[in-house]
Amino acid sequence: MSTSTTASVSTHILDTSVGRPAEGVAVHLCARAGREADWQALGGSATDADGRCKDLPALPEGTTHVRLDFAVEAYFSKSENFANQQADAQQDAPATRDSGRGVFFPEVAITFAVVPGEHYHVPLLLNPFGYSVYRGS
């Protein structure tokens, strides 16, 4: 929970390629106090069966920027024969045409500004070849 001197962050991931929450994705949280400050690793979590991280660390007082790092390659690699499934689903899929790999973005890093007293829910809409984020509620 945020207080008047801190902000708070939550996230969840929806795998839009299957229309389900993405379970087991490692999420790491970093923060900094000022645009020129060094990033401070605060810890991390993994998404639950509902695609949510319910135990992200609290932000330190004075945080102005937050970075969420999502390790998505391992999530997609868990699917057996993922690249073959994608090739069957999309005849000209980039997995087979360009890189030979099933995941184009192995990591997703989202950086955003925060102000004290606000809560920031940052959902990640994910598929093997793209992603989208937004400030949720």
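Is Ala-49 buried or exposed in this structure? In the predicted model described here, Ala-49 counts as exposed, because its relative accessibility is 54% and the class of exposed residues begins over 50%. The residue is found in the loop that runs between strand E4 (40-46) and strand E5 (52-53). When residues up to four places away in sequence are not counted, Ala-49 touches Pro-21 and Glu-23. A further relation links this loop residue to Arg-20, which is 29 residues apart from Ala-49 in sequence, while the C-alpha atoms of the two lie 9.5 Å apart in space.

Strand E4, which precedes this loop, also belongs to an open sheet of four strands, in which the order is E4-E3-E6-E7 and the pairing is antiparallel. Within this sheet E4 and E7 stand at the edges, and each has a single partner strand, so that one side of each is left without a neighbour in the sheet. From one strand to the next, the twist averages 20°. Strand E3 (residues 26-32) and strand E6 (residues 65-71) run antiparallel and are joined by seven bridges. Leu-29 has Leu-68 as its bridge partner in E6, and Ala-26 stands opposite Ala-71 in E6. On the next pairing, E6 is joined to E7 by seven bridges, and these two strands also run antiparallel. Here Ala-71 stands opposite Glu-107 in E7, so Ala-71 is a residue that faces Ala-26 in one pairing and Glu-107 in the other. In a regular strand, the side chains alternate between the two faces of the sheet.

Aromatic side chains were examined next, and a search of the whole structure finds four aromatic pairs. In one of them, the rings of Phe-104 and Phe-105 have their centres 4.8 Å apart and their planes at 80°, so this pair is classed as edge-to-face. Phe-105 also pairs with Tyr-131, where the ring centres are 5.2 Å apart and the planes again stand at 80°, so this pair too is edge-to-face. The pair of Phe-105 and Tyr-131 links distant parts of the chain, since Phe-105 lies in the loop between helix H3 (94-99) and strand E7 (107-113), whereas Tyr-131 lies in strand E9 (residues 130-133), 26 residues apart. Together, Phe-104, Phe-105 and Tyr-131 form one aromatic cluster. The accessibility of the cluster members was also computed: Phe-104 is exposed, with a relative accessible area of 55%, while Phe-105 is partly exposed at 30% and Tyr-131 is partly exposed at 35%. Another ring, that of Trp-39, has the charged end of Arg-67 sitting over it, 4.8 Å from the ring centre.

A contrasting environment is seen at His-12, which is placed in strand E1 (residues 8-15). This residue is buried, because its relative accessible area is 16% and the class of buried residues covers values under 20%. The side chain of His-12 makes a polar contact with the side chain of His-121, at 2.8 Å. Leaving aside neighbours within four places in sequence, the contacts of His-12 include Gly-51 and Arg-52, together with His-121, Val-122, Pro-123 and Leu-124.

Technical notes. Residues are numbered from 1 along each chain as its sequence is written. This is a predicted model: local features need pLDDT of at least 70, side-chain atom pairs count only at pLDDT 80 or more; totals for chains, interfaces and linings use all residues. Side-chain values use heavy atoms; hydrogens and water are left out. Rings of Phe, Tyr and Trp (its six-membered ring) pair if their centres lie within 6.5 Å; planes under 30 degrees apart count as stacked, over 60 as edge-to-face and the rest as tilted. Buried means under 20% relative accessible area, exposed over 50%, partly exposed in between (1.4 Å probe, protein chains only). A charge sits over a ring if NZ of Lys or CZ of Arg is within 6 Å of the ring centre and within 35 degrees of the ring normal. A polar contact is a pair of N or O atoms within 3.5 Å; within protein, one must be able to donate a hydrogen and the other to accept it, and residues adjacent in sequence count only if both atoms are side-chain atoms. Contact means heavy atoms within 4.5 Å. Two strands pair if DSSP finds at least two bridges between them. Axes are lines fitted to C-alpha atoms, for helices over the stretch in contact, and angles run from 0 to 180 degrees between N-to-C directions.
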